[in-house]
Amino acid sequence: MTDYHTIQRIIFVCKENVYLSPMAEWIMKSILMDKTKVIESRGLVVLFPEPRNMKVTDVLMNHAVPCEEQVSQEFVPDQVDEETLVIAMNFTEKVKLVEDFSLTDNVFTLKEFVEEEGDVTDPYGGDEDAYEECYVELKDLLYKVKKKLEWN
């Protein structure tokens, strides 16, 4: 078993950084008591800064998850060091991280990291219920991440 005690930072990665990774970022920040840890989100295809999707903001606000306004930011491999855990929202994005940036250490899909099968359900194009279901799934998975990392 890998020792994750040195992890001080998580970067959640999705395609455009407007749906899944920002939602994961803010949910993780809300459940994490240790404010010394750095939690961020980035996108693999960010042609210009876009605001977070309003349905994501709405579902976070409905659950009293504090979230600041933010715009999409591109993933930069220089931000990754041995104390960084990179969590892709799905397998395709993980493959891109490995192939395009030669990242191999501490790079996982979210479900892979918590030893579950498959990818996180993407709510893109769905109604409010789809975003609610995604929120519930992410929150459950992120509590498992917190436990695995033994973060307070």
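The legends below describe one overall view and several close-up views of a single predicted protein chain.

The model is predicted, and for that reason local features are described only at a pLDDT of at least 70 and side-chain atom pairs only at pLDDT 80 or more, whereas totals for chains, interfaces and linings use all residues. Residues are numbered from 1 along each chain as its sequence is written, and side-chain values use heavy atoms, with hydrogens and water left out.

**Figure 1. The protein chain as a whole, with five helices and four strands.**
Helices (H or I, at least four residues) and strands (E, at least two) are DSSP runs, numbered from the N terminus. Read from the N terminus, these elements follow one another as β-α-β-α-β-α-β-α-α. The radius of gyration of the protein chain, taken over C-alpha atoms, is 14 Å, close to the 15 Å that the globule rule gives for 152 residues, so the chain is as compact as a globular protein of that length. The globule rule used here is 2.2 Å times the number of residues to the power 0.38. The C-alpha trace spans about 40 × 35 × 30 Å along its principal axes. Buried residues, meaning those under 20% relative accessible area (exposed is over 50%, partly exposed in between, with a 1.4 Å probe and protein chains only), make up 49% of the 152 residues. When contacts (heavy atoms within 4.5 Å) between residues at least 6 apart in sequence are considered, 72% of them join residues at least 24 apart.

**Figure 2. Close-up of Asn17, in the loop between strand 1 (9-14) and helix 1 (20-31).**
Asn17 counts as buried, with a relative accessibility of 2%. Its side chain makes a polar contact of 2.9 Å with the side chain of Ser21, and the side chain of Asn17 also makes a polar contact of 2.9 Å with that of Ser41. A polar contact is a pair of N or O atoms within 3.5 Å; within protein, one must be able to donate a hydrogen and the other to accept it, and residues adjacent in sequence count only if both atoms are side-chain atoms. If residues up to four places away in sequence are not counted, Asn17 touches Pro22, Ser41, Arg42, Gly43, Val46, Val71, Ser72 and Gln73.

**Figure 3. Close-up of Arg52, in the loop between strand 2 (38-43) and helix 2 (54-62).**
Arg52 is buried, with a relative accessible area of 8%. The side chain of Arg52 is joined to the side chain of Gln70 by a polar contact of 2.6 Å, and to the side chain of Thr57 by a polar contact of 2.8 Å. Leaving aside neighbours within four places in sequence, the residues in contact with Arg52 include Val18, Pro22, Trp26, Cys67, Glu68 and Glu69. Although Arg52 and Tyr19 are 33 residues apart along the chain, their C-alpha atoms are separated by 6.6 Å.

**Figure 4. Close-up of Thr84 in strand 3 (residues 84-88).**
Thr84 counts as buried, with a relative accessibility of 0%. A polar contact of 2.9 Å links the side chain of Thr84 to the side chain of Asp81. With residues up to four places away in sequence not counted, Thr84 touches Ile7, Arg9, Ile11, Gln79 and Asn106.

**Figure 5. Close-up of Asn106 and Glu150, two residues with a positive phi.**
Most residues other than glycine have a negative phi. Asn106, however, is not a glycine and has a positive phi of about 55°. The residue is placed in the loop between helix 3 (91-101) and strand 4 (107-109), where Asn106 is buried, with a relative accessible area of 17%. Glu150, which is also a residue other than glycine, has a positive phi near 60°. Glu150 is found in the segment after helix 5 and is exposed, with a relative accessible area of 55%.

**Figure 6. Close-up of Glu117, in the loop between helix 4 (110-113) and helix 5 (128-149).**
Glu117 is exposed, with a relative accessible area of 74%. The C-alpha atoms of Glu117 and Thr92 are separated by 14 Å, and the two residues are 25 residues apart along the chain.
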